[in-house]
Amino acid sequence: MTDVAASLAELAHRHGVATEYVDWRDRPTPVPAATLVAVLAALGVPAATEEQRRASLAAHDRRYWSRSLPPTVHVRSDRSGSFWVHVPHGSPVRVWIELADGTVRTDLRQLENNTPPYDLDGEPIGEAGFELPAGLPLGYHRLHMRSTDTAADTTLIVSPGAVALPHRLESGRAWGPATQLYSVISERSWGTGDLTDLTDLAVWSGSRHGADFLLVNPLHAAAPVTPMEPSPYLPTSRQFVNPLYLRPEAIPEFAYVRGRARLRKKRLTVQAHASRSQLIDRDAAWQAKRAALQAVYRVPRSAGRDMAYTAFRHRAGPRLDDFAVWCALAERHGPDWRRWPEELRHPRSPAVADFAVRHADEVDFHRWLQWQLDDQLAAAQSAARRIGMELGIMHDLAVGVDAGGADAWALQDVLAPGVTAGAPSDEFNQLGQDWSQPPWRPDRLTECGYEPFRAMVAAVLRHAGGVRIDHIIGLFRLWWIPAGAPPTDGTYVHYDHETMVGIVALEAARVGAVVVGEDLGTVEPWVRDHLRERGLLGTSILWFELDRDSADPAAPAGPLPAERWREYCLSAVTTHDLPPTPGYLAGAHVRLRAELGLLTRPAAEEWADDRAKQQAWLAELRRVGLLDAGVDPADPDAVDDDAVDDDAVDDIVLALHRYLGRTPSKLLALGLADAVGDRRIQNQPGTSDEYPNWRVPLSGPDGRRMLLEEVFTDPRAAALAEAMRAGAQSRVQSGVQSRPGPGVTGGV
């Protein structure tokens with residue numbers, strides 16, 4: 001146990017704050033008292049002194065007993081549940097459910113509850129328990145209570161027992177490409193990949209190579225100002241979309257813009273700039289595209305189009321208005337609302353309302369952009385399904401938002417100040433990670449019926465056949481780091497995972513989508529059990545799939561045999577936080593971390609360890625007959641790209657992806673960068689300006705930028721896509737599922 005005062009430990013326990021955790025090396029690690037005090041302060045709980053802690057414990061008791069009903073009640077539809085009611089001791093109470101369709105259920109059976117009464121300011125308060133029956137309809141309902149002189153109601157969430165897989169995946173499986181869309185530039189895009197490129201990529205992979213999904217990076221909104229934030233995982237909003245992904249020519253009103261030739265010239269100029277640049281230039285692309293979009297916005301709409309826009313605004317509701325107002329304010333005052341004039345720092349202030357009126361056209365432009373994005377996202381998903389994809393577009397949900405951005409401004413009452421979310425040390429990020437994002441406050445989420453979380457999940461699934469949830473462990477617990485502290489000085493804060501996973505399952509069930517949880521890193525086995533029970537798929541990355549059940553526990557873990565991988569997961573060779581496979585085989589991940597000072601042990605040890613792991617995988621490929629003897633990307637002592645055998649790399653990349661077909665995994669993914677032989681790292685965790693994260697265009701093995709049209713005719717891409725098709729169509733082998741260990745993605 002951590003050596004902290006008993007009152008501090010108790011207060012932390014009541015608020016879901018861990019006083020101890022197990023690190024990636026399986027070592028129990030105590031949390032410093034200073035960290036606990038800072039994290040509790042972010043939850044609005046004073047705990048610096050013994051007096052404060054005792055007062056906070058008493059306040060916690062009072063809040064609980066002062067409530068007539070829990071702030072939110074959740075139950076699975078396939079089982080019964082329960083909830084408590086607080087009334088003056090001995091008073092009668094009546095409870096009922098008002099369903100979303102307006103009907104009423106009164107068949108709630110009272111349960112035995114022997115909790116002693118609580119003295120609340122001299123009045124004894126009793127607790128009664130009631131059962132929620134199994135079989136309640138899915139959705140968001142209201143739970144009511146009435147006593148002698150008290151009435152209250154609360155949110156009741158009924159989620160499915162599990163998310164059902166599409167019929168074709170129940171007995172089969174599917175493959176799909178995974179791409180960073182902004183990096184995929186075509187002959188007609190405006191310097192970055194866009195939603196028309198997404199549509200074309202889906203049509204190519206689905207119609208020519210039998211893909212059933214296309215996994216894309218988060219398309220969440222960035223601030224509409226320059227310099228534009230490059231990371232798709234640090235958005236200004238997770239509910240809205242980045243207009244950088246719009247194709248202006250795909251908007252119906254573009255046909256009626258005067259001076260279209262001038263706009264096309266802008267596109268040609270930004271295309272020429274992109275072709276000369278080594279990196280993605282979002283700022284140049286956005287400045288040119290924004291001018292074009294403003295010209296289209298000024299075109300009068302037809303009566304039908306105007307009605308469609310009105311309907312979109314009505315459906316999106318006040319959150320769209322808040323977002324559009326924030327965008328207009330950001331264009332005038334900068335993208336960090338914390339630096340705005342004091343009177344503009346809350347969305348409900350009179351000054352903000354006055355600004356929205358005085359700048360109505362600017363605000364409406366940003367609303368209109370979201371309407372166009374909704375149209376083009378719908379078109380991409382429709383095209384993917386029409387050419388035969390089982391799922392279509394699989395979107396990605398980032399773990400958090402920019403602390404100075406639109407969501408943090410609009411939702412500041414449910415986000416924790418003074419802390420940021422991140423991750424503790426692990427094998428590949430040994431200094432830990434600080435994502436500089438404010439985490440949800442679990443207490444405020446439950447108090448508002450999880451409405452902001454519900455809206456966010458529904459938005460990402462609106463035009464999707466699936467969603468990948470980044471760091472899905474954040475629905476269970478999230479690493480909170482006090483302001484000014486290094487990532488290693490944080491602790492875990494726990495969430496009501498039953499409810500949060502239930503909401504994800506409910507929203508996915510409503511649209512028939514598949515949910516994939518990114519469950520890499522240090523994950524307790526029961527978490528993967530819970531996700532599997534709820535129908536959510538996990539994630540397996542080949543380099544992390546190691547056999548922890550070796551007969552010799554002292555020996556390094558070798559590759560996990562394919563037949564023992566998890567069935568209910570999405571499997572891939574690599575991930576965006578590692579180099580594309582050709583670069584990985586050349587040791588780019590070790591070299592870059594050594595250059596940037598991100599290693600916690602000598603580089604020679606990292607090189608040796610990496611070479612040993614690669615050799616183990618090459619041996620496994622040879623064992624199963626996918627690689628000829630002697631095929632090796634480099635001499636074991638080589639440490640530079642010049643020593644890499646390109647032909648051997650191609651053979652190994654193909655063999656590794658064929659190996660995925662030997663696993664029983666339901667979904668198989670091929671990174672587009674792997675497909676074309678790209679070697680450059682897209683993102684190096686633990687860095688910001690030290691490396692051009694999220695700014696690397698799609699390139700071939702020679703480092704030359706590749707256009708999307710070239711991908712469609714690239715023989716390497718075609719061969720890998722066909723290997724994935726064959727793997728997805730192969731008979732699924734049944735085998736013993738392995739137990740996942742810390743830091744790996746073993747089976748459940």
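Helices here are DSSP runs of H or I with at least four residues, strands are runs of E with at least two, and both are numbered from the N terminus. With that in hand, P227 can be placed in the loop between strand 14 and strand 15. Keep in mind while looking around that this is a predicted model.

**The whole protein**

Let's step back for a moment. The protein has 23 helices and 27 strands. Its radius of gyration is 27 Å, close to the 27 Å that the globule rule gives for 748 residues, so the protein is as compact as a globular protein of that length. Measure along the principal axes, and the C-alpha atoms fill a box of roughly 80 × 75 × 50 Å.

How much of the protein is buried? Of its 748 residues, 58% count as buried. The accessible surface comes to about 29900 Å², and 51% of that belongs to carbon and sulfur atoms. As for contacts, take those between residues at least 6 apart in sequence: 74% of them join residues at least 24 apart. Charges are there too, with 79 positive and 99 negative side chains, and the centres of the two sets lie 6 Å apart.

**Inside the protein**

The largest nonpolar core has 194 residues, and W368, F453, W480, W543 and L667 touch the most other members. There is also a second, separate core of 18 residues, which includes V87, V95, F130 and L156.

Pick L667 from the big core and see what it touches. Leaving aside neighbours within four places in sequence, L667 is in contact with residues including L169, F213, M394, V514 and L537, as well as C569, L570 and S571.

F453, another of the core residues named above, is also one of the buried residues of helix 14. That helix covers residues 451-460, and seven of its 10 residues are buried, so helix 14 is largely enclosed by the rest of the structure. Besides F453, the buried residues are P452, R454, A455, M456, V457 and V460.

Another helix to visit is helix 11, residues 360-386, where you'll find Q372. Is Q372 buried or exposed? Q372 counts as buried because its relative accessibility is 1%, under the 20% cut-off. Apart from neighbours within four places in sequence, Q372 is in contact with L246, I251 and R305.

**Some loops worth a look**

Back to the loop where we started. A cis peptide bond joins T226 and P227, with omega at about 0°. S231 sits in that loop too, between strand 14 (220-221) and strand 15 (237-241). S231 is buried, with a relative accessible area of 13%. From C-alpha to C-alpha, S231 is 31 Å from V31 in space, and the two are 200 residues apart in sequence.

Two other loop residues have a positive phi without being glycine. For D121, phi is near 55°, and for W694 it is about 60°. D121 is in the loop between strand 8 (118-120) and strand 9 (123-132), while W694 is in the loop between helix 21 (672-676) and helix 22 (708-712). Here is how the two sit with respect to the surface:

| Residue | Phi | Relative accessible area | Status |
|---|---|---|---|
| D121 | near 55° | 65% | exposed |
| W694 | about 60° | 5% | buried |

So D121 counts as exposed at 65% relative accessibility, whereas W694 is buried at 5%.

Technical notes: Residues are numbered from 1 along each chain as its sequence is written. This is a predicted model: local features need pLDDT of at least 70, side-chain atom pairs count only at pLDDT 80 or more; totals for chains, interfaces and linings use all residues. Side-chain values use heavy atoms; hydrogens and water are left out. The radius of gyration is taken over C-alpha atoms; the globule rule is 2.2 Å times the number of residues to the power 0.38. Buried means under 20% relative accessible area, exposed over 50%, partly exposed in between (1.4 Å probe, protein chains only). Contact means heavy atoms within 4.5 Å. Accessible areas come from the Shrake-Rupley method with a 1.4 Å probe; for residues, only the protein chains shown count as cover. Lys and Arg count as positive and Asp and Glu as negative; His and the chain ends are not counted. The place of a charge is taken as NZ of Lys, CZ of Arg, CG of Asp or CD of Glu. A nonpolar core is a set of buried Ala, Val, Leu, Ile, Met, Phe, Trp, Tyr and Cys residues joined through side-chain atoms within 4.5 Å.
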